[in-house]
Amino acid sequence: MRDHVLKQSRLPARRATLADVDALETLENKAFDGDRLSRRSLRYYVTAETAVLRVMKQDGALAAYSLLAFRRGSKIARLYSIAVDPMWVGCGLGRALLKTCEKDARAHGCAVLRLEVRVDNKRAIALYEKNGYRRFDEIEDYYEDGATAVRMEKTLT
Ligand SMILES: CC(C)(COP(=O)(O)OP(=O)(O)OC[C@H]1O[C@@H](n2cnc3c(N)ncnc32)[C@H](O)[C@@H]1OP(=O)(O)O)[C@@H](O)C(=O)NCCC(=O)NCCS
């Protein structure tokens with residue numbers, strides 16, 4: 001099954017609908033130990049005009065999602081969340097979603113994509129660095145457990 005995904009150039013990443021909220025909540029709980037998006041927030045972002053929430057499905061089940069947020073009047077988009085089901089981690093879905101987010105940000109007129117990531121999240125930091133993101137700041141005590149956030153950004157060309 002994983003080989004099947006690996007051979008695909010890309011699973012489609014479609015816009016989420018309210019029908020995806022149950023699966024999004026389940027994935028959020030599986031992918032993160034803390035600082036999770038609440039069901040209420042997920043519902044909000046599915047329909048928010050200032051956000052793009054995309055889902056990737058594999059055999060009918062949610063395999064990954066990304067949440068991109070915009071601020072009116074700003075050319076800086078923010079990758080608010082990205083998560084891959086542990087079953088599919090390392091199969092390239094994170095990278096494919098990141099690329100789609102960059103395309104969405106450009107289409108929205110944004111010139112820069114920014115994000116925060118836990119300083120100890122090596123896999124995520126590796127994903128971002130390999131895709132051209134650079135560290136520009138750190139915020140101490142950013143997460144619920146007091147962990148530091150690394151701020152990263154990429155100029156979209
Ligand atoms: C971070 C996350 C989104 C990455 O998604 P993914 O689908 O596993 O990533 P990909 O398979 O596209 O891999 C992209 C890069 O991640 C890195 N990576 C993948 N597996 C890795 C591993 N076991 N150890 C370290 N880095 C790894 C590599 O740099 C890889 O690039 P490469 O394949 O060119 O070597 C995913 O692991 C995840 O959901 N983690 C839990 C939630 C989370 O931490 N979200 C990010 C919050 S900022």
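A visitor and a guide talk through the ligand shell and two aspartates.

Guide: This is a predicted model, where local features need pLDDT of at least 70, side-chain atom pairs count only at pLDDT 80 or more, and totals for chains, interfaces and linings use all residues. Residues are numbered from 1 along each chain as its sequence is written.

Visitor: What makes a residue part of the shell around the ligand?

Guide: Its C-beta atom, placed from the backbone, must lie within 6 Å of the ligand. Here 20 residues surround the ligand. The closest are Val84, Gly94, Arg95, Ala124 and Ala126. Elements giving two or more residues are β4 (76-84), α4 (93-107) and α5 (122-130). Helices are DSSP runs of H or I with at least four residues, strands are E runs of at least two, and both are numbered from the N terminus.

Visitor: Which element gives the most to the shell around the ligand?

Guide: α5 does, with six residues.

Visitor: Why is aspartate 35 called partly exposed?

Guide: A residue is buried with 20 or more other C-beta atoms within 10 Å of its own, exposed with 12 or fewer, and partly exposed in between; C-beta atoms are placed from the backbone. Aspartate 35 has 14, so it is partly exposed. It lies in the loop between α2 (21-31) and α3 (39-47).

Visitor: Why does aspartate 141 count as exposed?

Guide: Aspartate 141 has 10 C-beta neighbours inside 10 Å, so it counts as exposed. Its place is the loop between β6 (134-139) and β7 (149-155).

Visitor: What is the phi of aspartate 35, and of aspartate 141?

Guide: Most residues other than glycine have a negative phi. Aspartate 35 has a positive phi of about 50°. Phi of aspartate 141 is positive too, near 55°.
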